[in-house]
Amino acid sequence: MKTQTKRLTESAMLLAVAIVLELVSKMIIPEMPFGGQITLVSMLPVVLISYRHGVKWGLVTGVAYALIEMVLGTKTIAAAFQPGYFGDTAMIGYALIMCLLDYLVAFTAVGLGGIFRDKIKNPGVALSLGSLVALGARYLAHTVSGYILFSGWAEWFFTQDGFPAWGAALVESLSPSLLGLVYSIVYNGIYMVPEMILTAVASVLIARVPGIVKKVS
């Protein structure tokens, strides 16, 4: 019972740190126009939970993290269920897809962060690679969601004023379906790739702190 209580307490504290880092990030770092943001490595605490307590517990914590993110994103979710948010498409179906992929799947996937804890002896390397897998899985979820829900913005995105010339070249050379996929990869990559790099670097640094990456179970 003491071990379980300690695990719950520690996980709750690290989740709280993750949320605080995200909220502070929102105050000082501009958000993307259609959602998404680079943060102050706000997902690292969840990755650390998974490393310390194992992937199974990490995924359980990831579900809790996803639910908290849904609460923080209440305005966006509520708007998604309103007419016109997705154009003329089926409102409820698309809104549910957004909730599933952009929240439940994307943030639960961060719980994969401990995937290398028993496979790689070096804690810094294991934590860093685990963070890349975890955040990469989140990136994939957002990419699939963006392709399904927002492909219609692809041509506008690549041809807007100030966009590099290769954007217009893509519009001319790719089919609408493939262009929509590339759009989702590029758009979500603008914030997810830097986030992945920052978290991987921070993972190596935090692993140097004595006891921080101790395997609890």
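Trainee: Which residue does Glu 10 meet in a salt bridge through its side chain?
Mentor: Keep in mind that this is a predicted model. Side chains of opposite charge can pair when their charged atoms come close. Here the N to O distance is 2.6 Å, and a salt bridge needs it within 4 Å. The partner of Glu 10 is Arg 52.

Trainee: How many residues apart in sequence are the parts that the pair of Glu 10 and Arg 52 ties together?
Mentor: Glu 10 is buried, and Arg 52 is buried too. Glu 10 sits in helix α1 while Arg 52 belongs to helix α2, so the pair links parts whose separation in sequence is 42 residues.

Trainee: Staying with helix α2, how many of its residues are buried?
Mentor: Buried here means under 20% relative accessible area. The list runs from Leu 44 through to His 53, and Arg 52 is on it. That leaves α2 largely enclosed by the rest of the structure, because the buried count is 10 of the 10.

Trainee: And what covers the buried residues of α2?
Mentor: Several helices take part, and α1, the home of Glu 10, is one of them. The cover includes α1, α3, α6 and α9.

Trainee: Which residue follows α2?
Mentor: Look just past the end of the helix, which spans residues 44-53. The residue there has a positive phi, near 100°. That residue is Gly 54.

Trainee: Back to charges: how many salt bridges does the structure hold?
Mentor: One joins Glu 31 and Lys 26, with the closest N and O atoms 3.8 Å apart. Another joins Asp 118 and Lys 215, at 3.4 Å. Counting the whole structure, the total is 5.

Trainee: For the pair of Asp 118 and Lys 215, how many residues apart in sequence are the parts tied together?
Mentor: Asp 118 is in the loop between α5 and α6, and Lys 215 is in the segment after α9, so the bridge connects parts separated in sequence by 97 residues.
As for accessibility, Asp 118 is exposed at 61%. Lys 215 counts as partly exposed, at 39%.

Trainee: Which residues do salt bridges with shared partners join into one network?
Mentor: Start from the Glu 31 and Lys 26 bridge. Glu 31 is partly exposed at 45% relative accessible area, and Lys 26 is partly exposed at 35%. With shared partners, the network is made of Glu 22, Lys 26 and Glu 31.

Trainee: What about pockets: how much space lies in the largest pocket?
Mentor: Its lining has 15 nonpolar, 12 polar and 6 charged residues. Helices α1, α3, α5, α6 and α9 each give at least two residues to that lining. The space comes to about 850 Å³.

Trainee: Which residues of the lining are the closest to the centre of the largest pocket?
Mentor: There are 33 lining residues to pick from. The ones closest to the centre are Phe 34, Gly 35, Gly 36, Thr 76 and Tyr 103.

Trainee: Last one: is Thr 108 buried or exposed?
Mentor: Thr 108 is in helix α5, and a polar atom of its side chain lies 2.5 Å from the backbone oxygen of Leu 104. Among the residues Thr 108 touches are Leu 59, Val 63 and Tyr 103. Its relative accessibility is 18%, and the cut-off is under 20%, so Thr 108 counts as buried.

Technical notes. Residues numbered from 1 in each chain as written. Predicted model: local features only at pLDDT ≥ 70, side-chain atom pairs only at ≥ 80, totals over all residues. Heavy atoms only, no water. Buried < 20%, exposed > 50% of the residue type's maximum accessible area, 1.4 Å probe, protein only. Helix = DSSP H or I, 4+ residues; strand = E, 2+ residues; numbered from the N terminus. Contact = heavy atoms within 4.5 Å. 1 Å grid on protein atoms, 1.4 Å probe; cavity = no way out; pocket = protein on both sides within 12 Å on 5 of 7 lines; lining within 4 Å. Points joined across faces, edges and corners; volume = space filled by probe spheres on them. Nonpolar A, V, L, I, M, F, W, Y, C, P; charged D, E, K, R; others polar. Polar contact = N/O pair within 3.5 Å; in protein donor to acceptor, adjacent residues only side chain to side chain. Lists of a residue's contacts leave out its neighbours within four places in sequence.
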